[in-house]
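Trainee: I would like to learn how the words used for a protein model are justified, one term at a time. Could you take me through them slowly?

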Amino acid sequence: MLPRRSIIPEEFAFSPALLSPIHRRPVFRDRVNKARFIAKSGACNLSHKNIREQGRFLQDVVTTLVDLKWRFTLVIFSMTFLCSWLLFGMFWWLVAFAHGDLDPNPKPGVEQCVTNVNSFTSAFLFSIEVQVTIGFGGRMITEQCPTAIMVLILQNIIGLIINAVMLGCIFMKTAQSHRRAETLIFSRHAVIAVRNNRLCLMIRVGDLRKSMIINAVVHLQVVRKTTTPEGEVIPIHQIDVQTESAVASNSIFLLAPLIICHVIDKDSPLYDLSAMELQCNDLEVIVILEGVVETTGISTQARTSYVTEEILWGHRFVPIVTEEEGVYSVDYSKFGNTVKVATPRCSARELDEKPSILIQTLQKSELSQQNSLRKRNSMRRNNSMRKSNSMRRNNSTLAVPKVQFFTPEGGPNLTVT
């Protein structure tokens with residue numbers, strides 16, 4: 001068996017350059033990928049285990065039925081009606097059996113409790129007619145049996161209760177608040193840039209429907225794992241974050257897509273994080289949008305989250321609202337588009353302690369823009385000069401045509417340019 005060849009070439013296998021220590025710049029340790037608390041769709045990434053008191057879910061049957069998946073809800077819906085029909089079908093069969101209506105040789109002059117109920121099948125069909133109030137007319141109750149009248153009253157009452165509960169569950173399930181939240185959208189990324197000389201965390205939210213969300217409120221939270229000075233480990237530490245519109249309970253007027261801005265000040269959990277430290281940190285920014293649906297009056301809530309890989313440092317959202325012929329137009333194709341802007345890579349604390357960093361960053365960006373503009377202008381001039389030179393050459397070749405004279409037979413032909 002042939003030996004495997006080494007990955008390292010032989011001429012570099014024992015090179016002293018490889019054995020010598022290489023001085024590198026210190027880098028931050030890589031962040032361990034951790035499961036996010038809230039998914040991008042708004043679903044909570046949480047599972048409940050070892051719940052001993054399962055009977056608590058049966059104490060609130062309506063909420064349990066609404067929380068179930070559609071396939072289980074439809075199965076329970078169908079089985080509830082089917083079981084009730086079978087149960088009362090059995091009752092009607094017992095009433096007919098006790099009265100002697102099922103005898104093959106009935107007594108003359110004795111009227112049946114329920115006409116045309118001669119078997120369990122006919123009793124089951126009569127149960128469906130009573131509870132669903134179909135009333136085909138072939139079977140009907142008579143006044144011979146008080147027991148049959150009591151069964152009729154009981155089935156009507158229980159049937160109304162079943163109809164109210166099951167139809168109410170179906171309506172609540174179809175009109176759940178998260179259905180309206182499907183048209184409340186968030187930007188794919190969050191951005192950090194300078195606004196009004198302060199570092200700000202910005203997120204864009206929008207509503208695709210024309211019906212508005214009344215009393216819309218935005219909440220921001222930072223979730224991360226922390227350890228107290230006493231050594232207690234808090235795996236999910238939720239820190240409330242104030243937004244720029246925190247004057248009156250963060251209420252916003254969500255008529256067009258808005259940019260939710262959080263100023264990174266000394267009270268912010270992002271105050272001590274630079275661009276590099278943010279990428280190496282294990283935190284998650286949760287955004288919660290709550291409001292009342294204008295058409296139905298039902299409260300709704302939309303959620304999303306941003307991990308550190310989804311927070312772009314030094315970016316800004318592009319404008320998407322324009323005025324066209326007296327009407328404001330929103331281009332949702334650019335909803336999540338961002339552009340790079342000049343932003344210091346330091347933390348907000350360093351920026352407050354050294355305001356000159358911001359001035360130097362802005363000056364550098366201005367110089368780079370001027371240099372890029374000069375390069376573009378020079379390239380345009382060179383292209384225009386090349387085009388003019390090529391046009392001149394073409395015109396010179398076309399301006400001097402060749403003329404050929406034909407001489408009589410036997411003489412040479414002459415060409416004049």
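Mentor: Here we go through the terms, setting each value against its definition.

Mentor: This is a predicted model, in which local features need pLDDT of at least 70 and side-chain atom pairs count only at pLDDT 80 or more, while totals for chains, interfaces and linings use all residues. Residues are numbered from 1 along each chain as its sequence is written, and side-chain values use heavy atoms, with hydrogens and water left out.

Trainee: How many helices and strands are there in the protein, and what makes a stretch count as one or the other?

Mentor: The protein has 9 helices and 16 strands. Both are DSSP runs numbered from the N terminus, a helix being a run of H or I with at least four residues and a strand a run of E with at least two.

Trainee: Why is Ser84 called buried or exposed?

Mentor: Buried means under 20% relative accessible area, exposed means over 50%, and partly exposed lies in between, with a 1.4 Å probe and protein chains only. Ser84, which sits in helix H3 (residues 70-99), has a relative accessible area of 7%, so Ser84 is buried. Setting aside neighbours within four places in sequence, Ser84 is in contact (heavy atoms within 4.5 Å) with Ser127, Gln131 and Ile162. Val233, found in strand E5 (residues 233-241), has 46% relative accessibility and therefore counts as partly exposed. Over the whole protein of 417 residues, 30% count as buried.

Trainee: What makes strand E3 largely enclosed?

Mentor: Strand E3 covers residues 198-207, and because 9 of its 10 residues are buried, the strand is largely enclosed by the rest of the structure.

Trainee: How do you know which strands pair with E3?

Mentor: Two strands pair if DSSP finds at least two bridges between them. Strand E1 (residues 184-186) pairs with E3 over 3 bridges in the antiparallel sense, and Phe186 stands opposite Val205 in E3. Strand E2 (residues 190-195) is joined to E3 by 5 bridges, again antiparallel, with Val191 opposite Met202. Between E3 and strand E7 (residues 258-263) there are 6 antiparallel bridges, and here Arg204 stands opposite Ile259. In the hairpin of E2 and E3, where 2 residues lie between the strands, Asn196 takes a positive phi near 55 degrees.

Trainee: What is meant by a nonpolar core, and which residues have the most contacts inside the largest one?

Mentor: A nonpolar core is a set of buried Ala, Val, Leu, Ile, Met, Phe, Trp, Tyr and Cys residues joined through side-chain atoms within 4.5 Å. The largest has 38 residues, and those with the most contacts inside it are Ile192, Leu199, Leu289, Tyr306 and Ile311. Apart from this core lies another, of 13 residues, among them Cys113, Val117, Cys145 and Val151. In soluble globular proteins, nonpolar side chains tend to be buried together.

Trainee: Why is the contact between Lys40 and Glu310 called a salt bridge?

Mentor: A salt bridge is a side-chain nitrogen of Lys or Arg within 4 Å of a carboxyl oxygen of Asp or Glu. The side chains of Lys40 and Glu310 meet with N to O at 3.5 Å, which fits a salt bridge. This pair links distant parts of the chain, 270 residues apart: Lys40 is in the loop between helix H1 (16-19) and helix H2 (61-67), and Glu310 is in the loop between strand E9 (299-307) and strand E10 (311-313). Lys40 is partly exposed, since its relative accessible area is 23%, whereas Glu310, at 12%, is buried. Arg36, Lys40 and Glu310 are linked in a network of salt bridges.

Trainee: How do you know that Arg349 and Asp272 form one as well?

Mentor: Their closest N and O atoms are 2.4 Å apart, and Arg349 forms a salt bridge with Asp272. Arg349 lies in helix H8 (residues 348-353) and Asp272 in the loop between E7 and helix H7 (275-280), so the pair ties together parts that are 77 residues apart in sequence. Arg349, with a relative accessible area of 36%, is partly exposed, and Asp272, at 43%, counts as partly exposed too. A search of the whole structure finds 4 salt bridges.
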